[in-house]
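Hi everyone, thanks for making room for me today. I'd like to walk you through one structure, going from single residues out to the whole chain. Here it is on the screen.

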Amino acid sequence: MYKKQLALQKFTCLLALVSSVVIFLYSLGIMTDLYDSLYSTMMNPADLTQTDVPGSIIYYDMQAFNSTFLRYSIILILLGCLLYITNTHIRRRYYIGNWFAILVFAGANCYVAYWAHQNIELFKAQFLQIDFEALKFHADLWGTAYTESTFWFDVHYGVFGFALLVSLLLIIHIIWKGILMRQEGKLIAAGRAMA
């Protein structure tokens, strides 16, 4: 039973690191379309009210969020590495360090998913308030990118769904490992009693 659990444990720790990297890449890409289509609409970055496209200020409004999001994604990568530093991926028995690493990673993953979802939904609603006719005119006039797509806002459901699934798998492994360790302890105690 331990062999199957150890193989799944190793795979889940790898998924945890992969999910952190996916969140990092997402944090780098979320502003891509906004930069390509909205940055050039701001006539004077010192005075954000001077714009060719009403609503394009969202590009500047999202800067603080994106900076924090990038920092959080780096922290998640470091916490994913903590699973490997504590040997959670190969350890037969869990110790306090393993429990700590898993619970901190899962907790941080859940917090970032909740925080990012709340903010991304607000920014998506703000993005949909852009005057897309004016944006289309600006794009045609200056040869810049034009998009009405909310792809980078919507993809967060998949990114954070994957991250939350990995967190759930890590918690399941804690429970499974606890059951196996308790059963092993009973067998050892029974073997000593017979000797």
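**From single residues to the whole fold**

Let's begin with G178, which sits in helix 7. Please keep in mind throughout that this is a predicted model. Is G178 buried or exposed? Its relative accessibility is 14%, and since buried means under 20%, G178 counts as buried. Now look across to R93: that residue is 85 positions away from G178 along the chain, yet the two C-alpha atoms are separated by 8.7 Å.

Staying in helix 7, let me point out Y157. Here the relative accessibility is 48%, so Y157 counts as partly exposed. Which residues does Y157 contact, once we leave aside its neighbours within four places in sequence? Those are H117 and E121. And for a sense of distance, try Y157 against N98: they are 59 residues apart in sequence and 29 Å apart in space, C-alpha to C-alpha.

Next, please turn to L76, over in helix 3. Its relative accessible area is 0%, so L76 is buried. L76 and L17 are also 59 residues apart in sequence, but their C-alpha atoms are 8.2 Å apart in space. Not counting residues up to four places away in sequence, L76 touches S20, I23, F105, A108, N109 and V112.

One stop outside the helices: N87 is in the loop between helix 3 and helix 4. What is special about its backbone? Phi of N87 is near 60 degrees, which is a positive value in a residue other than glycine. With a relative accessibility of 28%, N87 counts as partly exposed.

**The core**

Now for the inside. How many residues make up the largest nonpolar core? There are 45, and M62, F69 and F160 are the ones with the most contacts inside it. Several helices feed this core with at least two residues each: helix 1 (2–29), helix 2 (32–38), helix 3 (58–85), helix 4 (96–127), helix 5 (132–142) and helix 7 (156–194). Which of them gives the most? That would be helix 4, with eleven residues.

F160 is a nice place to zoom in. Setting aside neighbours within four places in sequence, F160 is in contact with I23, Y26, F69, V112, A113, A116 and I120. You may recognise I23 and V112, which we also met among the residues that L76 touches.

**The whole chain**

Let's zoom out. The protein has seven helices and zero strands, so to speak an α-α-α-α-α-α-α pattern when read along the sequence. Why call it more spread out than a compact globule? Its radius of gyration is 23 Å, whereas the globule rule gives 16 Å for 195 residues, and the value here is well over that. You can see it in the box that the C-alpha atoms fill, roughly 90 × 25 × 20 Å along the principal axes.

Of the 195 residues, 39% count as buried. The protein exposes about 10600 Å², and carbon and sulfur atoms supply 69% of that. Among contacts with a separation of 6 or more, 79% come from residues 24 or more positions apart.

Last, the charges. There are 13 positive and 12 negative side chains, and the centres of these two sets lie 39 Å apart. That's my tour, and I'm happy to go back to any part of it.

Key. Residues are numbered from 1 along each chain as its sequence is written. This is a predicted model: local features need pLDDT of at least 70, side-chain atom pairs count only at pLDDT 80 or more; totals for chains, interfaces and linings use all residues. Side-chain values use heavy atoms; hydrogens and water are left out. A nonpolar core is a set of buried Ala, Val, Leu, Ile, Met, Phe, Trp, Tyr and Cys residues joined through side-chain atoms within 4.5 Å. Buried means under 20% relative accessible area, exposed over 50%, partly exposed in between (1.4 Å probe, protein chains only). Helices (H or I, at least four residues) and strands (E, at least two) are DSSP runs, numbered from the N terminus. Contact means heavy atoms within 4.5 Å. The radius of gyration is taken over C-alpha atoms; the globule rule is 2.2 Å times the number of residues to the power 0.38. Accessible areas come from the Shrake-Rupley method with a 1.4 Å probe; for residues, only the protein chains shown count as cover. Lys and Arg count as positive and Asp and Glu as negative; His and the chain ends are not counted. The place of a charge is taken as NZ of Lys, CZ of Arg, CG of Asp or CD of Glu.
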